[in-house]
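Here are a few exercises to work through with the model open beside you. Try each task before you read its solution.

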Amino acid sequence: MPTPTPAPLPVAELHLHLDGTLEPDFIMETAARNGVDLPWNDLADLESRYAFTDLQSFLDLLYVNLTVLRTREDFAEMTRRYLARAAAAGVRHAEVSSDVQAHVRRGIPAQTVVGGIRDVLDRSEEDFGITTRLIVSFWRDAPAEEALGLLRELIASGARFDGIGLDSAEVGYPPSLFTEVYDLAREHGLHLVAHAGEEGPPSYITEALDVLRVERVDHGIRCLEDDAVVERLVADQVPLTVCPLSNVRLRTVDTMADHPIMTMLERGLVVSINSDDPPYFGGHVDANVAAVQDTFGADDATMARFARHSFVSSFLTDDERARYLAEVDAWLEGRTAARG
Ligand code: ADE
Ligand code: ZN
């Protein structure tokens with residue numbers, strides 16, 4: 001009898017850029033279909049560009065590649081492909097983000113972007129068995145007035161999304177530049193998250209909490225450079241959505257063995273494991289989970305702690321969260337029973 005494939009760890013993926021999920025072959029095919037001129041000669045040429053030196057070198061590639069998306073169906077297909085792959089990776093709930101602004105800037109209506117994504121998210125539970133939320137992220141290295149204008153437009157149009165985020169080049173663009181944007185989002189009952197402490201200093205994490213009043217921090221790994229920041233994050237149980245493979249590929253840490261995720265867990269931080277932009281960094285959440293487990297020899301009970309953190313850190317209702325936490329318990333029991 002063939003050995004059954006072990007069930008993947010059930011997780012919530014909370015740090016995932018939909019615009020960063022396009023596989024190279026999909027990029028080339030979509031460019032050809034939409035008549036978009038890319039600077040890459042062919043698929044092999046594109047694939048040779050995935051060696052990054054820092055965050056900016058990755059963003060330079062990402063922002064060219066996402067220009068292939070033009071129609072509502074393109075945005076729907078991007079979302080469908082992510083959810084299909086995420087389901088196989090063990091994702092039970094996904095809080096996905098999109099840089100809607102990146103598309104609006106090149107003349108694509110916000111309604112095309114959000115509409116296409118929503119067409120798929122609205123049926124994600126029936127079609128993929130994954131509950132979802134949508135976060136609209138703004139570029140911190142673009143003017144805050146632009147973000148404010150887009151947020152106003154999205155709210156006025158009745159676009160359905162659950163929260164806002166802040167991403168793109170971090171150093172030199174502190175969270176406080178976006179105070180007005182976050183104030184408006186809060187007034188409208190939106191959830192608030194922001195990238196901080198990826199390449200930027202620990203003070204950006206504090207600023208995101210104090211000034212933007214975010215509920216969750218994306219990355220946050222540089223908190224370890226300041227004990228007071230760590231103590232505060234632990235005391236307030238602020239969730240950090242960590243992306244191990246991303247951090248290695250963008251050289252914020254040298255190797256997986258140097259990644260601080262286990263130290264973060266041991267210090268009492270609410271860390272979860274996420275994939276950020278999977279094709280750019282070497283894999284989806286299952287690959288990130290495997291990298292952590294294999295590199296650190298973490299046992300199943302430890303991996304279940306990361307999974308529990310992911311659901312605790314989510315914007316799920318209490319009932320939904322309880323249902324998923326029971327799945328993590330069942331996964332751990334199954335693994336324990338399988339070991340005998
Ligand atoms: N956009 C997509 N991925 C990002 C990351 N890891 N940091 C900042 N901006 C991003
Ligand atoms: Zn990110």
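A polar contact here is a pair of N or O atoms within 3.5 Å. Keep that cut-off in mind, and remember that this model is predicted.

**Exercise 1.** Find which side chains make polar contacts with nitrogen atoms of ligand 1, among them that of Glu-198.

Solution. Start with Glu-198: an N or O atom in its side chain is 2.7 Å from a nitrogen atom of ligand 1. Next, go to Asp-277, where a polar side-chain atom lies 2.8 Å from a ligand nitrogen. Then try His-219, which has a polar side-chain atom 3.2 Å from a nitrogen of the ligand. Now ask how much of the ligand is covered: on its own, ligand 1 has 260 Å² of accessible area, and the protein covers 100% of that.

**Exercise 2.** Describe the surroundings of ligand 1: what sits around it, and where does the ligand lie?

Solution. First, place the ligand: it sits in the largest cavity. Second, list the neighbours. The shell includes His-17, Asp-167, Ser-168, His-195 and Asp-276, and Leu-55, Phe-58, Leu-59 and Leu-62 belong to the shell too. Third, look for the main contributor: helix α3 (residues 55-65) gives the largest share, four residues. Last, sort the shell by class, and you get four nonpolar, four polar and four charged residues.

**Exercise 3.** Work out what lines the largest pocket, and which element gives the largest share of its lining.

Solution. Begin with the volume, which is about 190 Å³. Then walk around the lining: you'll meet Pro-6, Ala-7, Pro-8 and Leu-9, along with Ala-89. Carry on to Val-285, Asp-286, Val-289, Ala-290 and Gln-293, and finish with Trp-331 and Arg-335. Two elements give two or more residues each, α15 (285-296) and α17 (318-339). The largest share comes from α15, with five residues. Sorted by class, the lining has nine nonpolar, one polar and two charged residues.

**Exercise 4.** Look at the backbone of Arg-213 and Gln-237: is phi positive or negative in each?

Solution. Start from the general rule: most residues other than glycine have a negative phi. Now check Arg-213, whose phi is near 55°, a positive value. You'll find Arg-213 in the loop between α10 (202-210) and β6 (216-219). Then check Gln-237: its phi is positive as well, about 50°, although this residue is not a glycine. Gln-237 is in the loop between α11 (227-235) and β7 (239-242).

How values were computed
Residues numbered from 1 in each chain as written. Chains lettered and ligands numbered in written order. Predicted model: local features only at pLDDT ≥ 70, side-chain atom pairs only at ≥ 80, totals over all residues. Heavy atoms only, no water. Near = heavy atom within 4 Å. Polar contact = N/O pair within 3.5 Å; in protein donor to acceptor, adjacent residues only side chain to side chain. Areas by Shrake-Rupley, 256 points an atom, 1.4 Å probe, with all protein chains shown as cover. 1 Å grid on protein atoms, 1.4 Å probe; cavity = no way out; pocket = protein on both sides within 12 Å on 5 of 7 lines; lining within 4 Å. Sits in = over half its atoms within 2 Å of the grid points. Nonpolar A, V, L, I, M, F, W, Y, C, P; charged D, E, K, R; others polar. Points joined across faces, edges and corners; volume = space filled by probe spheres on them.
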